Amino acid sequence: MTLTTEKTMRLAGTDELDIVKTFECGQCFRWNADESGVYRGTALGAAARVWSADGGVYIASDFDPGWRDYFDLGCDYDGISLNFTGISPYMDECVAFGRGIRILRQEPWEALCSFIISQCNNIPRIKGIVERLCQGFGEPLSFEGDTYYTFPPAETLAGLSEKDLAPLRCGYRAAYIISAARAVADGTLDLDALSCACCEDSLKTLKNCYGVGTKVANCANLFGLGHMEAFPIDVWMKRALNEHFPPDFDPAALGPYAGLAQQYIFYYARSEGK
DNA sequence: AAACAGGCCTAAA
DNA sequence: TTTAGGCCTGTT
């Protein structure tokens, strides 16, 4: 039994980091709010509590695995967003509406695996499957009297069979998970190398994985490998692009941070559809 | 009850 | 290179 000292730190101002938008914009699946809007979850092997108060965002955890980097706070999103203004009035609306979203720098394997699970699923079900995956095969973490579970490393899942994943009720995605986990574990798929590679090469390599197509590969690139120019297009994005952008619009025109623009557009499109 | 969900795979033009 | 059908599971 080791004693830990809980620490609280201020992460950012609420204008710079909006935790509701950031956690609810569909990029992550393991942060959950309670009745009073306090979020709890685990990332980078640590459990934490995150909340907003007095114009600031605070985080409490037993140790700091690098929360600032996780929230990408070294990056000036307002400055970057200037690249997205003047494209169209609609784009301006998206930027204004999404201000405060941060692209979380999630762990590569967690991002890849989570978005494999996400295919043809809605968010509640994705969250359920991911949670069962972590509870079944992750490591327990005790924090503030509750037990949390880390995201299971690829090496752990590589030793399992599809049958072992039956309790997850993730359907045909089980084979994809096992296959990807084995590729990562045996070194065939080197995610760290991909985060250093260029976005395009990384995308191509990811797509070689069984069960990983263009959409999932782009999500892994953007949310797990730090490739901010990655531009995932799902049904929501397709609709938004069709309705609000010229038919020949090339996302590359948004520049090296196109992925952030994508998230603004996506978040706005989803909010409209509800 | 049948269709559809934040895709992808395979087979067939 | 594009297109159709099937796929697990869950919800409407």
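These are my notebook entries on a predicted model of protein with DNA.

**Set-up.** I number residues from 1 along each chain as its sequence is written, with chains lettered from A and ligands numbered from 1 in the order in which they are written. In this predicted model local features need pLDDT of at least 70, side-chain atom pairs count only at pLDDT 80 or more, and totals for chains, interfaces and linings use all residues; side-chain values use heavy atoms, with hydrogens and water left out.

**DNA strand C.** I looked up the residues near the strand (a heavy atom within 4 Å of it). I found Arg 125, Arg 169, Cys 170, Gly 171, Tyr 172 and Arg 173. Of the strand C atoms within 4 Å of the protein, 59% belong to sugar and phosphate. By class I count two nonpolar, one polar and three charged residues. Here Cys and Tyr count as nonpolar, Arg as charged and Gly as polar.

Next I checked polar contacts (N or O atoms paired within 3.5 Å). Arg 173 puts a polar side-chain atom 2.8 Å from a base oxygen of strand C. Arg 125 does so at 3.2 Å. For Tyr 172 I find a polar backbone atom 3.4 Å from a sugar or linking oxygen of the strand.

**Cores.** I then turned to nonpolar cores (buried Ala, Val, Leu, Ile, Met, Phe, Trp, Tyr and Cys joined through side-chain atoms within 4.5 Å). Buried means under 20% relative accessible area, exposed over 50%, with a 1.4 Å probe and protein chains only. The largest core has 71 residues, and Phe 84, Trp 109, Leu 112, Leu 191 and Leu 206 have the most contacts inside it. Helix H13 (residues 258-272) gives the largest share, nine residues. I take helices as DSSP runs of H or I, at least four residues, numbered from the N terminus. A second, separate core of 19 residues includes Ala 12, Cys 28, Ala 43 and Ile 59.

**Gln 106.** I located Gln 106 in the loop between helix H4 (89-98) and helix H5 (108-118). Is Gln 106 buried or exposed? Gln 106 is buried, at 6% relative accessible area. Beyond four places in sequence, its contacts (heavy atoms within 4.5 Å) are Gln 27, Cys 28, Tyr 70, Ala 111, Phe 223 and Gly 224.

**Helix H10.** In H10 (residues 199-206) I see Cys 199, Ser 202, Leu 203 and Leu 206 buried. Down the axis they fall within an arc of 100°, so they line one face. I take that arc from the directions from axis to C-beta atoms. The face turned away carries exposed Glu 200 and Lys 204. The buried residues of H10 pack against H5, helix H9 (191-196) and helix H11 (214-223).

How values were computed: Polar contact = N/O pair within 3.5 Å; in protein donor to acceptor, adjacent residues only side chain to side chain. Helix = DSSP H or I, 4+ residues; strand = E, 2+ residues; numbered from the N terminus.
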